[in-house]
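Welcome! Take a moment to turn the model around before reading on, and keep it beside the text as we walk through it together.

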Amino acid sequence: MIIVARKGLTADELDNIRERVEALGLRTHISIGGTRTIIGCIGDEARLGHVSLLSIPGVDSVHPVMRPYKLAARDFAADRTSCVQVGNRTFGGEACLVAAGPCTVESERMMKATARAVAKQGATVLRGGAFKPRTSPYSFDGLKEEGLRILARVQDETGLPVVTEVLDPRDAALVAGHAEVLQIGARNMQNFSLLREVGQLHRPVLLKRGLAATLKEFLLAAEYVMSKGNMQVILCERGIRTFGAETRNTFDLAAIPWLKSETHLPVIADPSHAAGRRDLVAPLSFAAVAAGADGLIIEVHPDPGTALSDGDQSLDFKGFAQLMRDLKAFAAAAGRTV
Ligand code: PEP
Ligand code: MN
């Protein structure tokens, strides 16, 4: 249920509405937008049936949220897109933000070189996995705690916020102690205990779409995180499994505008994992920006031929610089900035 406040709502009226709803045992979430204020009510809505919400001063209208996801639904926020702050930049604002870096943290030297190279081209977030989910148990699965320490040092030194994956609920607090943004990978999109765990941390969550997840399941996964109090969720379309074998996954371009119409959460795209091939990263990036993506996450490696994971889809520094140049022109044509 959402309560839309009338224009000119005072702070006292807002407090009173909140107190009245919370007195019935529901939680509230206040969203103050450019033109309206919304009081989201979370919990047993049947209890609200016994009070006349419309008679509370400051209440303009009351609406049920007719979606299985509530907090993630578009109606729940006052503005079209909720902003998720990462460092001093905002996902969901005017600009399309770019996160870039290697699939895996391999050494401090390569992370520093990559951070410098991608920041110079305008990336605002550094990516790199310390805990890697690998299909084979015999593949390199990351430097783990040592990788986190490297990320934290590079984050401190360069000022570039870091996004890194958390694989296990037991490591969530540890990862949050080293990185600004917690990534939930495709393979864990429905790891409900992990979702609940990061929902209790005060860190933005970059949630990737599951390998074969419907968009409804994707939003319900976001709802798990949000239901624990953490509203800072960024959704990431990273391609899904289809019958095609020519690309690693099938980039679901329509997911971007569909999600943007269903949810207020920022939506970004990962063309690297969608394509699995570096030559397709640029065209898929352009398409994502045209479709309304709030950001991109791109794999970049100093020497992709020697990468410990996902080398085939990683751009080198020169390739990334070219992508960013071209992307700026595409974004400008779409009335956006990168
Ligand atoms: C990654 O970002 O390196 C990764 C493993 O992504 P995904 O979970 O989308 O496969
Ligand atoms: Mn990868």
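In this predicted model, strand S14 is a good place to begin. Five of its five residues are buried, so S14 is largely enclosed by the rest of the structure. You can see this on both of its faces: Gly-295, Ile-297 and Glu-299 are buried on one side, and Leu-296 and Ile-298 are buried on the other.

What pairs with S14? Strand S7, residues 97-101, runs parallel to S14 and is joined to it by five bridges. Along this pairing, Gly-101 stands opposite Glu-299. Strand S13, residues 267-269, is also parallel to S14, with two bridges between them. Here the residue facing Gly-295 of S14 is Ile-268.

Now follow S14 to Glu-299, a residue with a relative accessibility of 0%. A residue is called buried when this value is under 20%, so Glu-299 counts as buried. Glu-299 is also one of the protein donors of the manganese ion (ligand 2). Which residues join it there? The other protein donors are Cys-103 through its SG atom, His-273 through NE2 and Asp-310 through an OD oxygen, while Glu-299 itself uses an OE oxygen. These donors lie 2.0 to 2.4 Å from the ion.

If you like to trace such a site along the chain, the donor residues follow the spacing C-x169-H-x25-E-x10-D. His-273 sits in helix H8 (residues 271-275) and Glu-299 in S14 (residues 295-299), so this pair ties together parts that are 26 residues apart in sequence. Like Glu-299, His-273 is buried, in its case with a relative accessible area of 7%.

Let us step back and look at the whole protein chain. Its 338 residues form 10 helices and 14 strands. How does its radius of gyration fit with a compact globule? For a chain of 338 residues, such a globule would have a radius near 20 Å, and the value here is 21 Å, which agrees. Along the principal axes, the C-alpha atoms fill a box of roughly 65 × 45 × 45 Å.

The interior and the surface complete the picture. Buried residues make up 53% of the chain. Of the contacts with a separation of 6 or more, 68% are between residues 24 or more positions apart. On the outside, the chain exposes about 14500 Å², and carbon and sulfur atoms supply 51% of that area.

Conventions: Residues are numbered from 1 along each chain as its sequence is written. Chains are lettered from A and ligands numbered from 1 in the order in which they are written. This is a predicted model: local features need pLDDT of at least 70, side-chain atom pairs count only at pLDDT 80 or more; totals for chains, interfaces and linings use all residues. Side-chain values use heavy atoms; hydrogens and water are left out. Donors are N, O and S atoms within 2.8 Å of the metal (3.2 Å for Na, K and Ca); water is not among the atoms, so sites may look incomplete. Helices (H or I, at least four residues) and strands (E, at least two) are DSSP runs, numbered from the N terminus. Buried means under 20% relative accessible area, exposed over 50%, partly exposed in between (1.4 Å probe, protein chains only). Two strands pair if DSSP finds at least two bridges between them. The radius of gyration is taken over C-alpha atoms; the globule rule is 2.2 Å times the number of residues to the power 0.38. Contact means heavy atoms within 4.5 Å. Accessible areas come from the Shrake-Rupley method with a 1.4 Å probe; for residues, only the protein chains shown count as cover.
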